[in-house]
Amino acid sequence: GHGIAVFTSGGDSQGMNAAVRAVVRMGIYLGCKVYFIKEGYQGMVDGGENIVEANWASVSSIIHRGGTVIGSARCMDFKERAGRLSAAENLVKRGITNLVVIGGDGSLTGANLFRVEWTSLLDELIATKRITAEERDKNKALHIAGMVGSIDNDFCGTDMTIGTDSALHRIIEAIDAIVSTAYSHQRTFIMEVMGRHCGYLAVVAALASEADYVFIPEDPVKIDWKDQLCKKLLQERSAGQRLNIIIVAEGATDREGNPITAEMVKKVVVDELNQDTRITVLGHVQRGGNPSAFDRVLGCRMGAEAVMALMEATDDTEPCVVSLDGNQAVRLPLMECVNRTQAVAKAMAERKFELAVELRGRS
Ligand code: ADP
């Protein structure tokens with residue numbers, strides 16, 4: 001039957017393993033040969049032991065693990081045509097004409113480019129006698145289905161990306177732990193969370209943890225933010241609250257584009273209010289640990305849908321990205337979503353925040 005390969009690329013996130021598992025099991029169930037490609041595009045370029053056939057048992061006991069068991073990497077080689085030529089040869093030799101890519105917008109862009117070039121790559125491989133005409137004829141069309149793994153929830157077209165919910169669990173656990181000690185000592189804590197262009201983690205964490213203040217990239221604070229912040233903290237204390245929690249997304253700025261850092265916020269709270277103030281930077285803890293039930297199920301559903309999409313693809317079917325729409329796994333045109341995501345990044349860089357939020361849509 002059909003050869004399907006699954007790989008994870010770019011930054012890792014919790015729930016990628018559930019997606020890998022679903023691709024393998026659904027593929028085998030439908031009679032396909034399924035392969036792992038290890039270490040992302042690097043494994044595809046290098047071939048050899050990096051591309052191995054998967055079986056039913058090889059994805060047992062991975063659904064509960066964070067990260068990605070098949071490895072992920074950034075790969076400069078795949079950005080060059082020579083790298084993509086080797087990758088194409090490695091796929092053709094194994095009869096792999098279906099790719100499931102789990103990654104961010106960079107990884108999906110690479111997959112799309114690979115598909116656009118596929119025919120010319122095979123022609124070049126024939127011309128240089130690396131594959132036969134018969135091998136080309138058997139592997140004429142390359143089909144692509146993508147899924148987005150990212151803790152930031154920064155991809156257009158899907159309500160949630162794989163890993164976001166787990167990252168929120170990590171953040172909430174950390175804040176809950178901090179709150180108990182802050183309460184004892186009547187302290188103020190400033191928590192820095194991830195999200196360079198996207199304040200989703202910060203906003204949802206703030207709502208769920210009863211934070212007093214949140215700084216996010218999409219809604220830069222006024223130049224006189226210090227007064228507002230102090231007023232709010234004092235108001236909470238005078239109402240009887242023993243502690244304050246302030247959340248700062250790593251990409252937060254003021255309206256003039258000056259970064260708002262945890263250190264700056266701390267200085268204000270100490271200098272103006274003389275509160276006992278500490279900073280906690282969560283960092284990579286947010287990417288780690290076991291995936292939540294939501295991310296496991298999300299990965300399962302998206303993985304199964306990705307295989308269905310590949311099985312139903314005809315020669316001219318465009319690449320799709322599997323997205324969550326409400327409670328439904330749906331297929332959307334891959335490059336449309338990538339382009340919109342990149343337009344959001346551009347709007348954020350140009351500080352056109354309303355446009356960015358409008359482009360991003362529901363997520
Ligand atoms: P993410 O997928 O998380 O956005 P990157 O942007 O680092 O992460 O992309 C991951 C990998 O995808 C890169 O290391 C590279 O191998 C491949 N890639 C990204 N952009 C392209 C591109 N324009 N052309 C070819 N390959 C690309």
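Two residues are in contact if their C-beta atoms, placed from the backbone, lie within 7 Å. The legends below concern a predicted model.

**Figure 1. Surroundings of Asp152, the position that UniProt lists as "active site" in an unreviewed entry.** Asp152 sits in the loop that runs between strand S5 (143-150) and strand S6 (162-163). Leaving aside residues up to four places away in sequence, Asp152 touches Met194, Gly195, Cys198, Tyr200 and Leu201. Asp152 is classed as buried because 25 other C-beta atoms lie within 10 Å, and the class begins at 20.

**Figure 2. Thr164 and its contacts.** Thr164 belongs to helix H6 (residues 164-185). With residues up to four places away in sequence not counted, Thr164 touches Ile151, Asn153 and Tyr200. Between Thr164 and Tyr200, 36 residues apart along the chain, the C-alpha separation is 9.0 Å. Tyr200 is also one of the residues that Asp152 touches. Thr164 has 31 other C-beta atoms within 10 Å and is therefore buried.

**Figure 3. The shell around the ligand.** The ligand is surrounded by 16 residues, of which the closest are Gly10, Gly104, Gly106, Ser107 and Gly110. Helix H4 (residues 105-127) gives the most to this shell, with six residues. By residue class, the shell divides into four nonpolar, nine polar and three charged.

**Figure 4. Nonpolar cores.** In soluble globular proteins, nonpolar side chains tend to be buried together. The largest nonpolar core here has 73 residues, and those with the most contacts inside it are Ala5, Val6, Ala19, Val23 and Ala306. Ala19 touches Ile102, Met147, Ile162, Gly299, Met302 and Gly303, again not counting residues up to four places away in sequence. Another core, of 35 residues, lies apart from the largest one and has Ile151, Val193, Leu233 and Leu243 among its members. Ile151 is also one of the residues touched by Thr164.

**Figure 5. Two loop residues with positive phi.** Most residues other than glycine have a negative phi. Glu210 has a positive phi, near 60 degrees. Glu210 lies in the loop between helix H7 (200-209) and strand S8 (213-215). Glu210 counts as exposed because it has 10 C-beta neighbours inside 10 Å. Arg351 likewise has a positive phi, near 65 degrees, and is placed in the loop between helix H11 (334-349) and helix H12 (353-360). For Arg351, 14 other C-beta atoms lie within 10 Å, so this residue is partly exposed.

**Figure 6. Lys79 in its loop.** Strand S3 (51-53) and helix H3 (81-94) bound the loop in which Lys79 is found. Lys79 is partly exposed, because 13 other C-beta atoms lie within 10 Å. From Lys79 to Gly289, 210 residues apart along the chain, the C-alpha atoms are separated by 31 Å.

**Figure 7. The protein chain as the setting for these views.** The protein chain contains twelve helices and twelve strands. Its C-alpha atoms fill a box of roughly 80 × 40 × 35 Å along the principal axes. The radius of gyration is 23 Å, which agrees with the value near 21 Å for a compact globule of 363 residues. Buried residues make up 49% of the 363 residues. Of the contacts between residues at least 6 apart in sequence, 77% join residues at least 24 apart.

Technical notes:
Residues numbered from 1 in each chain as written. Predicted model: local features only at pLDDT ≥ 70, side-chain atom pairs only at ≥ 80, totals over all residues. UniProt positions renumbered as here; feature names shortened; annotations may be inferred. Helix = DSSP H or I, 4+ residues; strand = E, 2+ residues; numbered from the N terminus. Buried ≥ 20, exposed ≤ 12 C-beta atoms within 10 Å, placed from the backbone. Near = placed C-beta within 6 Å. Nonpolar A, V, L, I, M, F, W, Y, C, P; charged D, E, K, R; others polar. Rg over C-alpha atoms; globule rule 2.2 N^0.38 Å. Core = buried A, V, L, I, M, F, W, Y, C linked by C-beta atoms within 7 Å.
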